[in-house]
Amino acid sequence: MKITVNGRPVDVPEGAMVSAAVSLAGITAFRRSVTGEPRGPLCGMGICFECRVTVDGRAHVRSCQVPCRPGMEVRTDG
Amino acid sequence: MRASYDVAIAGGGIVGAACAAACAAAGLSVAVVEPGPIGGGATAAGMGHVVVMDDSPAQIALTLYSRTLWIESIPELPADSEYLPCGTIWVAADEEEMAEVRRKKQLYDGIGVRTEVLGPKELAEAEPHLRAGLAGGLLVHDDSTVYPPCAARYLIEKSRADVVRQSAAGISGGAIRLSDGGSISAGITVNATGAWAPELTPGIEVRKRKGHLAITDRYPGFVTHVLVELGYLKSAHSTTADSVAFNAQPRRTGQVLLGSSRQFGSEGRAIEAPMLGRMLRRCEEYMPELADLTTIRTWTGFRAATPDKLPLIGPCPGDERLYLATGHEGLGITTSLATGRLVADSIMGRTPHIPLEPYLPGRKQEAH
């Protein structure tokens, strides 16, 4: 299925999590910390909150916990 | 450490810190007795709203004077005090509350407080995440927010007071007795221990009034003014029933701070889910999209409430060398700086900027 990450189309397999899609798009800094440091997935199970992105306009979504849906628009602030 | 101080203050919250700074500025030597972090009690729990309030003429005088002192201190406030000149919007849900908006506007015009009446359209433009159908509001321009613990720390540092890391076990006009058996002797002592003040000075009319608060993750721009429902006044007024009122505040970080709840008779620090739930549902009634934001922390704190909603500032009847500086309820951040000045003026025998009488301990208090 196709979703977009920062406006660019990305092909992802059925059942992929948003975190995988962001990685497939070649992005490592999913977001910036309060002091501007790059952050990305650490635990992969919804505990660390490091992988947050904006999904369809909704901020601070844990990308490792949300499966991709066709047409989804994902934004990172990394 | 000295053998004796001009002033010894029990309590290193924002009120004790402001007293320390004002006394030091008057040339007095100062010690502050505080076992925990500076600004770690109600000061850290509170919202940090610097606001003019009009419950009574004495409350207007104290909040307006103190807000002016905050504005004067802006150039020297450190960045971590997060001073944010965002203004307050008193949100009116219906025409009855719009009548209150107009009453407040007239009153504020008369005392030189800059305000603006907002209709439904202007309110929606100012705060797009408020629900549709609200009647309007009153924007009070020069209200602000600060991050209180850092502001308290700044005041203590400015005062160069000696901080004694112990609990006060007793206080009298001549000394503060410490939990380790020692004591700090002083010309004047000040009980600034907030809601715990009656433990050191039994019999004073201060009660714990518990509040719940919640803070969200960072959503910059979601709220840009301090928003308070006008029904808040009814909530804050009720001295018996538990109550909640919508109060949302922007932080410099982009976080949204949410309140408020008021409870007497609940003295444990634990979060009470039914009360927190009531509070958050009230907030959602005003801002439905809050339901989509992530809350990252909730906590409670204890306001020091008095029957007439005015703090106790000044010497105790029967012990003129023991001062009280407590009972600020939900306005301690706003009124801390004026409290410090009034205490220092009284000690120095200077004429205060506003009359001290309405706040003197020993006044006849009538609940209203």
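These are my notes on a sheet in chain A, the contact between chains A and B, and a helix pair in chain B, all in a predicted model.

Entry one, the sheet. I looked up the strand order in chain A and found an open sheet of five strands, running E2-E1-E7-E5-E6, with mixed pairing. I then checked the edges. Strand E2 (8-11) and strand E6 (58-62) of chain A each have a single partner strand, so one side of each has no neighbour in the sheet. From one strand to the next, I get an average twist of 40 degrees.

Entry two, one edge pairing. I followed E6(A) to strand E5 (residues 52-55) of chain A; the two pair in the antiparallel sense over three bridges. Within this pairing I noted Arg52(A), which stands opposite Arg62(A) in E6(A).

Entry three, the chain contact. I listed the residues involved: four come from chain A and five from chain B. On the side of chain A that touches chain B, I sorted them into two nonpolar, one polar and one charged.

Entry four, the helix pair. I took helix H1 (residues 14-25) and helix H10 (residues 332-348) of chain B; their axes come within 8 Å and cross at roughly 40 degrees. I put H1(B) down as oblique to H10(B), because the angle is neither under 35 degrees nor in the range 65 to 115. The crossing of H1(B) past H10(B) is right-handed. For the contact itself I noted, among others, Ile14(B), Ala18(B) and Ala22(B) from H1(B), and Ile333(B), Leu337(B) and Arg341(B) from H10(B). By class, the residues of this contact come to twelve nonpolar, four polar and one charged.

Note on methods: Residues numbered from 1 in each chain as written. Chains lettered and ligands numbered in written order. Predicted model: local features only at pLDDT ≥ 70, side-chain atom pairs only at ≥ 80, totals over all residues. Pairing = 2+ DSSP bridges. Axes fitted to C-alpha atoms, helices over the stretch in contact; angles between N-to-C directions. Contact = placed C-beta atoms within 7 Å. Nonpolar A, V, L, I, M, F, W, Y, C, P; charged D, E, K, R; others polar. Parallel < 35°, antiparallel > 145°, perpendicular 65-115°, else oblique. Left-handed = near helix turned anticlockwise from the far one by under 90°.
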